[in-house]
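The following exercises concern enclosed space and strand arrangement in a single protein chain. Each task is followed by a solution worked in steps.

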Amino acid sequence: MQQTETFNTVLNLMPILFIWLLGLIFATILVTFIYDISQSKNALLKNYPVVGHFRYLFSNLGSFFRQYFFAMDREEMPFNRAEREWVDRASKGRDNTIAFGSTKNISSPGTPIFINCPFPTLDSDGVQTESVIIGKGYSDNPYTARSIFNISGMSYGAISKPAVLALSNGARQSGCWMNTGEGGLSPYHLEGGADLVFQIGTAKYGVRNADGSLNDEKLAKVASHQQVKMFEIKISQGAKPGKGGILPGVKVTAEIASIRGIPKGLDSISPNRHLEVSNIGELLDLINHVKLITKKPVGFKTVIGDVTWLTTLLKEVNGRGRDFAPDFIAIDGGDGGTGAAPMELMDNVGLPLKEALPIVVDKIIQNGLKDRIKVIASGKLITPADVAWAVCAGADFVTSARGFMFAIGCIQSLKCNKNTCPTGITTHNKRLQKGLNPINKADKVAEYVSGISIALQTIAHSCGVKEVRMLNKTHVRIVQNDGKSIPMAELCPLCVEGENK
């Protein structure tokens, strides 16, 4: 009886609630209308009050609808659905075979086509990929790197605490290294137990004095950690060459400010170059100063534009002696990514990796330094074919940031700079971070590296070699503008069979 009376009461109140709801909607529209026609900042809203707001709503929803409903598997940028789904399946340890035929346009200029051998290497005859020692004979603490595929620089600040924990734990499980990014060494990098490459950005976060200069005492303290295996001096970054790192103030928490040595809540803007490095001699001086303090391998990361300076640097190295060479050079393509960069740089500055990497390798070979300077390739390499191409072009290692972001749940929502990342990877909003379980995601990082490694071996065996590092430019052809392919060795002939072992 009581339930019936309650139900009747609700029914009687519904017309009143409906009238109140209509009144609220009408009041909202009226207030919006009055505001729109009164303001003078937006012409569209002044001329089309209320309805003009739908234009901005649909514009914001456009990327969502394109990603999930309209774009074909190979159409999206910067990474298409086929690429993202390969990473997703690999990170979950699932079968990565496909059916019926490829959806990839293999006649597109620049596409690499691997040269299969008529008598491929039997899987049983394959051998484990060789480790490479960086700094061997030239560093007090050379680093034996086991994995070809490693985690590129993502700073604590650009990504969240659970993301750093997931990546560092996953890197330890898989045996790859993790680059700290330019934000300094956090407790979460160390907690995961991974091998670490400490990146020294132009602001020198974590190893800086108050004026932004390098603090040798702090640098030595970082080097004292056994997990820190190498140091990378960041000259420039693929997505924004000529511009320093950008971390919006909303992401500069008290902890991040303390690690970086900067004020809380203010935009973290790095200088567009190292203040003490204005020429090649000063760059080599800085590299060797860091070597002296840390006693560990040191190299630098750069984007290639004009290659003349690189030729001059390599000649300077030969003039000073091989002891003064960088232990590695990390080449970031102009197609690299970041959490925040000016569009004019992101879209238009720096050679893409597919052009830059073969040039750099050939320059190093020309100067007789291939056995001394290791080459790391970075920039939009997230699938086995990408990595195999880089090895064929002469890279000793490949690093990826966005591939590992996909592995731990990134959905390419393009919100990295907003502190509103829906998957908790690039936000410090505790509510949004709850969905990112570091333990579960660490397993996905390890599975992703394993998936890449297995697929690389598959490509290598198809090309007739026993392990991935035996791949070279004779094993791949590059599609030209007319749709036909030519051997990569004809494009950059110096790295021939056996040169990049």
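A cavity is here a set of grid points where a 1.4 Å probe fits but cannot get out. The model to which this is applied is predicted.

**Exercise 1. Determine how many cavities of 30 Å³ or more there are, and describe the lining of the largest cavity.**

Step 1. Rolling a probe the size of a water molecule over the atoms reveals where empty space remains. With the definition above, two cavities of 30 Å³ or more are counted.

Step 2. The largest cavity holds about 80 Å³ of space. Its lining consists of 13 residues, and those closest to the centre are Ser-152, Asn-179, Glu-232, Ile-376 and Thr-399.

Step 3. To place the lining in the fold, consider the strands: S5 (177-179), S7 (228-234) and S12 (374-378) each contribute at least two lining residues.

Step 4. By residue class, the lining of the largest cavity comprises six nonpolar, five polar and two charged residues.

**Exercise 2. State the volume of the second largest cavity and classify its lining residues.**

Step 1. The volume of the second largest cavity is about 60 Å³.

Step 2. Eleven residues line the second largest cavity; nearest its centre are Thr-202, Ile-235, Ser-236, Lys-243 and Gly-244.

Step 3. Sorted by class, the lining of this second largest cavity has two nonpolar, seven polar and two charged residues.

**Exercise 3. Is strand S11 mostly covered or uncovered, and which way do its side chains point?**

Step 1. A residue is taken as buried when its relative accessible area is under 20%. Strand S11 spans residues 328-332, and five of its five residues are buried, so the strand is mostly covered.

Step 2. In a regular strand, side chains alternate between the two faces of the sheet. In S11, Phe-328, Ala-330 and Asp-332 point one way, while Ile-329 and Ile-331 point the other way; all are buried.

Step 3. Strand S10 (residues 298-303) runs parallel to S11 and is joined to S11 by four bridges. Within this pairing, Phe-300 of S10 stands opposite Ile-329 of S11.

**Exercise 4. Set these details against the whole chain: what share of its residues is buried?**

Step 1. The protein chain contains 17 helices and 15 strands. Of its 501 residues, 49% are buried.

Step 2. Among contacts with a separation of 6 or more, 69% link residues 24 or more positions apart.

Step 3. The accessible surface of the chain amounts to about 24,100 Å², and carbon and sulfur atoms account for 58% of this surface.

Methods:
Residues are numbered from 1 along each chain as its sequence is written. This is a predicted model: local features need pLDDT of at least 70, side-chain atom pairs count only at pLDDT 80 or more; totals for chains, interfaces and linings use all residues. Side-chain values use heavy atoms; hydrogens and water are left out. On a 1 Å grid over the protein atoms alone, a cavity is a set of points where a 1.4 Å probe fits but cannot get out, and a pocket is an open set with protein on both sides within 12 Å along at least five of seven lines; lining residues have an atom within 4 Å of a point. Grid points are joined across faces, edges and corners, and a volume is the space filled by probe spheres set on the points. Ala, Val, Leu, Ile, Met, Phe, Trp, Tyr, Cys and Pro count as nonpolar, Asp, Glu, Lys and Arg as charged, and the others, Gly among them, as polar. Buried means under 20% relative accessible area, exposed over 50%, partly exposed in between (1.4 Å probe, protein chains only). Contact means heavy atoms within 4.5 Å. Accessible areas come from the Shrake-Rupley method with a 1.4 Å probe; for residues, only the protein chains shown count as cover. Two strands pair if DSSP finds at least two bridges between them.
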